[in-house]
Amino acid sequence: MGVHGVKAVFFDLDNTLVDTAAAGRRAIEEVLLVGPYLLKVINTLQSKHHYAEGQARVICDKVQAKLLKECHDPAKMCITDLRISHWEEAIQETIGGEANRNLAAECYFLWKTTRLQHLTLAEDTRGMLTELRKGVRLLLLTNGDKQTQREKIEACACQPYFDAIVVGGEQKEEKPAPSIFHYCCDLLGVQPAECVMVGDSLDTDIQGGLNAGLKATVWLNKAMTTPVDTSPVPHYIISSVLDLPAVLQKMGHKMNAKLGTDHMAGSNE
């Protein structure tokens, strides 16, 4: 089993296989624009606390800003408490007065439910994974809080497409630490030099794959932006995860060319 010397491919989850950022934006848009979620939140704020619609929109903007700047330490606080605090702070910063934990929790769970509903594994991505798995083993490797990530995995129903799933929040170290990559290799019974890492983050996915000595790293760069000079350098760059099979083919051509060169050199000797 194996394709062109590759026995396993590790995939990142967020913004690689599923568009978490878009799902989050859509959930926020349903707060900022007229939609069922906006009505729920505004009705909650207005009917229970007599807040104006404009104030509700400001609260949602503040929450989005806090999510973007979020730094979570699971040893100090669970992710649910942290994100309820985002809503609690946003409401208090906008409205003033006493903090309202119950209202904050209600708003948070509405947003969370909406985001999960928008998390999907696209049909063409499912097809690609199904085909790839005929020749290599597939592993999902995602950083993040274990509860949050497991909920996302369940929501997008990606479990059947992988031989193993590893969540960073359940391990001693997360990407880019070599240990979690080596754990994944052991889980599949393969060597680092037989594995490829695919992900959208240069700092965690690509740097981690390089740190662990994987055969290749593939950076998903949807916007095709130019990385800064100090960024780790991936072996390959793709603009869509669907381009991965072509990359594996390219790796095979390079390997065959090298084998041919080595054979020629051996004959000349």
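Helices (H or I, at least four residues) and strands (E, at least two) are DSSP runs, numbered from the N terminus. By that rule, Thr 20 is found in helix H1 (residues 20-32). The protein has 10 helices and six strands. This is a predicted model, where local features need pLDDT of at least 70, side-chain atom pairs count only at pLDDT 80 or more, and totals for chains, interfaces and linings use all residues. Residues are numbered from 1 along each chain as its sequence is written, and side-chain values use heavy atoms, with hydrogens and water left out.

**Confidence and overall make-up**

- Mean pLDDT, the predictor's confidence in each residue from 0 to 100, is 86 for the protein.
- Of its residues, 84% reach 70 or more.
- Over residues 259-269, pLDDT stays under 50.
- For residues 259-269 the model has zero contacts (heavy atoms within 4.5 Å) beyond four places in sequence.
- The protein has 269 residues, and 46% of them are buried.
- Buried means under 20% relative accessible area, exposed over 50%, and partly exposed in between (1.4 Å probe, protein chains only).
- Among contacts with a separation of 6 or more, 63% are between residues 24 or more positions apart.

**Thr 20 in helix H1**

- Thr 20 counts as buried, because its relative accessibility is 7%.
- Neighbours within four places in sequence aside, Thr 20 is in contact with Asp 14, Asn 15, Arg 115, Leu 119 and Lys 152.
- Among these partners, Arg 115 is a buried residue of H5, and Lys 152 is a buried residue of H7.

**Helix H5**

- H5 covers residues 101-118 and has 18 residues.
- From its first C-alpha to its last, H5 reaches 26 Å, close to the 26 Å expected at 1.5 Å a residue.
- That expected span is 1.5 Å times one less than the number of residues.
- The buried residues of H5 include Leu 103, Cys 107, Tyr 108, Leu 110, Trp 111 and His 118.
- At the start of H5, a side-chain oxygen of Asn 100 comes to within 3.3 Å of the backbone nitrogen of Asn 102.
- Such a polar contact is a pair of N or O atoms within 3.5 Å; within protein, one must be able to donate a hydrogen and the other to accept it, and residues adjacent in sequence count only if both atoms are side-chain atoms.

**Helix H7**

- In H7 (residues 146-156), the buried residues are Thr 148, Gln 149, Lys 152, Ile 153 and Cys 156.
- Seen down the axis of H7, these buried residues fall within an arc of 135°, so they line one face of the helix.
- The arc is that of the directions from the helix axis to the C-beta atoms.
- An α-helix has 3.6 residues a turn, so residues three or four places apart point the same way.
- Asp 145 caps the N-terminal end of H7, with a side-chain oxygen 3.2 Å from the backbone nitrogen of Gln 147.
- Just after H7, Ala 157 has a positive phi of about 55°.

**Ser 201, ahead of helix H9**

- Ser 201 sits in the loop between strand E4 (195-199) and helix H9 (202-211).
- A polar atom of the Ser 201 side chain lies 3.3 Å from the backbone nitrogen of Asp 203.
- Beyond its neighbours within four places in sequence, Ser 201 is in contact with Ile 206 and Trp 219.

**Salt bridges**

- The whole structure holds 16 salt bridges, each a side-chain nitrogen of Lys or Arg within 4 Å of a carboxyl oxygen of Asp or Glu.
- Asp 205 pairs with Lys 175 in a salt bridge, with the closest N and O atoms 2.7 Å apart.
- Asp 205 lies in helix H9 and Lys 175 in the loop between E3 and helix H8 (178-188), so the pair ties together parts that are 30 residues apart in sequence.
- Asp 205 is buried at a relative accessible area of 1%, and Lys 175 is buried at 4%.
- Lys 62, Lys 66, Glu 89 and Glu 93 are joined into one network by salt bridges that share partners.
- Within that network, Glu 89 and Lys 66 meet at 3.3 Å, N to O.
- Glu 89 is in helix H4 (residues 79-95) and Lys 66 in helix H3 (residues 53-68), 23 residues apart.
- Glu 89 is partly exposed at 39% relative accessibility, whereas Lys 66 is buried at 18%.
- Asp 163 and Arg 137 form a salt bridge, their closest N and O atoms being 4.0 Å apart.
- Asp 163 is in the loop between H7 and strand E3 (164-167), and Arg 137 is in strand E2 (residues 137-142), 26 residues apart.
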